[in-house]
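Trainee: Please take one part of this model and go through it closely, then show how the rest of the chain relates to that part. Keep the cut-offs explicit.

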Amino acid sequence: MKKDMIAVCDSEAGYAGNFAEYLNARKKLPFRAEAFTDSEKLCQYAGKNCPKFLLIAEEDLCSQIENLHIPNMIILSSEKERETDTMKYIYKYQSAESLIREVMSYCGESFYQETAVEYKKRLQLTGIYSPLGRCGKTLFALTAGQIWGEDKETLYINMEDFSGWIQSFYQESSDNLSDFFYRFRQSQNPPSLTPLIHSWGNLDYLAPLSSPEDLRSISFEEWSSLFDHLEKETKYQLLILDMGNTVDQLFSVLEICAKIYMPVLDDWFSQCKVYQFREMSESVSDHLWNNIRELHLPLAPWSEKSPGFPQDLLWGKWGAAVRKILEEDSLHGKNI
């Protein structure tokens, strides 16, 4: 299939060429890039080849280029905070991954969104993560999943060292994600997910990995392949990722989530850990922290598994608190 062309124009030495080379090295992206350091040469090229997309440095934009009427024009600005009007601006000195992600966001469905860049198609990824332990993270994930599952086809994946699910929800003899990734590595084609999918109230889930060693051996690329397979081959609209700290390229997984809920605790040492995580997230991404919502959850009321579990999660003080959180996001336009 013929790829669309994206032109990158910047008179700054090396910028356009380096970024175009980076784009073209990513074989799965549905476009090819051409670099220009002179606006006159860009105009000559565009008059014959009609690029569909243009990234151009703000100082190189001129009326001649505006008159080309390229369908998708994005201005590369040297200012991090830029007032926008009718033009589309993005900050040019952020990481290449973040830059591609913003381009994808602006151009929407014109691009096929590569797995490792971003998922904003039918299947939406929501992360549940915390750098802390014993903060209600998994119970929040399961409760929110039950609520979202009332309206959407929702799937839960546990990505922790010790999920506890073997003893709680399904038979150890069942196929699980360890079996899936083993077969995937043998054939390079994703095997059937049907034996792994179980139902739990309003929520479906994939039987989790057998051991911490299995979790640590799965690469970010393999997780991405699984998410892509779920996007293409299943009915699900929402994917909940309940993550621990040993997931490969944790920040890369967090970055492909449209929203991240992070339960935290109020004691001073927990807050030190949260501060350290925030500093790291802001150092690796220009936007990740903005997608994270800190949660101060009430104490979970269960010391033992009740006969009505998991439906009991939806009621009482706990259930009301989780529903309020999700309703607040919905009211502010951040609904899942």
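**The open sheet and its surroundings**

Mentor: Seven strands form an open sheet with mixed pairing, in the order β8-β9-β7-β10-β6-β11-β12. At the edges stand β8 (197-200) and β12 (292-295); each has a single partner strand, so one side of each is left without a neighbour in the sheet. From one strand to the next the twist averages 25°, where axes are lines fitted to C-alpha atoms (for helices, over the stretch in contact) and angles between N-to-C directions run from 0 to 180 degrees. Two strands count as paired if DSSP finds at least two bridges between them. The elements themselves are DSSP runs numbered from the N terminus: helices are H or I with at least four residues, strands are E with at least two.

Some conventions come before the details. This is a predicted model, in which local features need pLDDT of at least 70 and side-chain atom pairs count only at pLDDT 80 or more, while totals for chains, interfaces and linings use all residues. Residues are numbered from 1 along each chain as its sequence is written, and side-chain values use heavy atoms, with hydrogens and water left out.

The predictor's confidence in each residue is given as pLDDT, on a scale from 0 to 100. Its mean over the chain is 84, and 83% of the residues reach 70 or more. Residues 112-120 have pLDDT below 50, yet this stretch has 37 contacts in the model beyond near neighbours in sequence; a contact means heavy atoms within 4.5 Å.

Back to the sheet, and to β11 in particular. Strand β11 (residues 259-263) runs parallel to β6 (residues 124-128), with three bridges between the two. One pairing there links Thr126 to Lys259 in β11. With β12, β11 also runs parallel, this time through four bridges; the partner of Tyr261 in β12 is Arg293. In β11, five of its five residues are buried, that is, under 20% relative accessible area, with exposed meaning over 50% and partly exposed in between (1.4 Å probe, protein chains only). Lys259, Tyr261 and Pro263 point one way from the strand, and Ile260 and Met262 point the other way.

Strand β11 also takes part in the largest nonpolar core. Such a core is a set of buried Ala, Val, Leu, Ile, Met, Phe, Trp, Tyr and Cys residues joined through side-chain atoms within 4.5 Å. This one has 42 residues, and Ile157, Leu177, Trp223, Leu226 and Leu241 touch the most other members. At least two residues each come from β7 (154-159), α7 (177-187), α9, β10 (238-243), α10 (250-255), β11 and α11 (268-284). The most come from α9, which gives five. Apart from this core lies another of 22 residues, among them Ala141, Leu203, Leu238 and Val322.

Helix α9 (residues 220-233) has 14 residues and reaches 20 Å from its first C-alpha to its last, close to the 20 Å expected at 1.5 Å a residue; the expected span is 1.5 Å times one less than the number of residues. Of these 14 residues, 10 are buried, including Trp223, Leu226 and Leu230, but also Glu222, Asp228 and Glu231. Leaving aside neighbours within four places in sequence, Leu226 is in contact with Ile157, Leu177, Phe180, Phe181, Leu193 and Leu206.

Between β6 and the next helix, α5, lies a loop that holds Arg134. Most residues other than glycine have a negative phi. Arg134 departs from this, with a positive phi near 55°, and is exposed with a relative accessible area of 86%. Helix α5 (residues 137-148) is mostly covered, with 10 of its 12 residues buried. Ala141 is one of these buried residues, as are Lys137 and Gln146. The end C-alpha atoms of α5 are 16 Å apart, in agreement with the 16 Å expected for 12 residues.

A second positive phi, about 55°, belongs to His69, in the loop between α3 and β4. His69 is exposed at 65% relative accessible area. Ile70, in the loop between α3 (63-66) and β4 (72-77), is buried at 9%. Residues up to four places away not counted, Ile70 touches Pro51, Lys52, Phe53 and Leu54.

For the chain as a whole, there are 12 helices and 12 strands, and 49% of the 336 residues count as buried.
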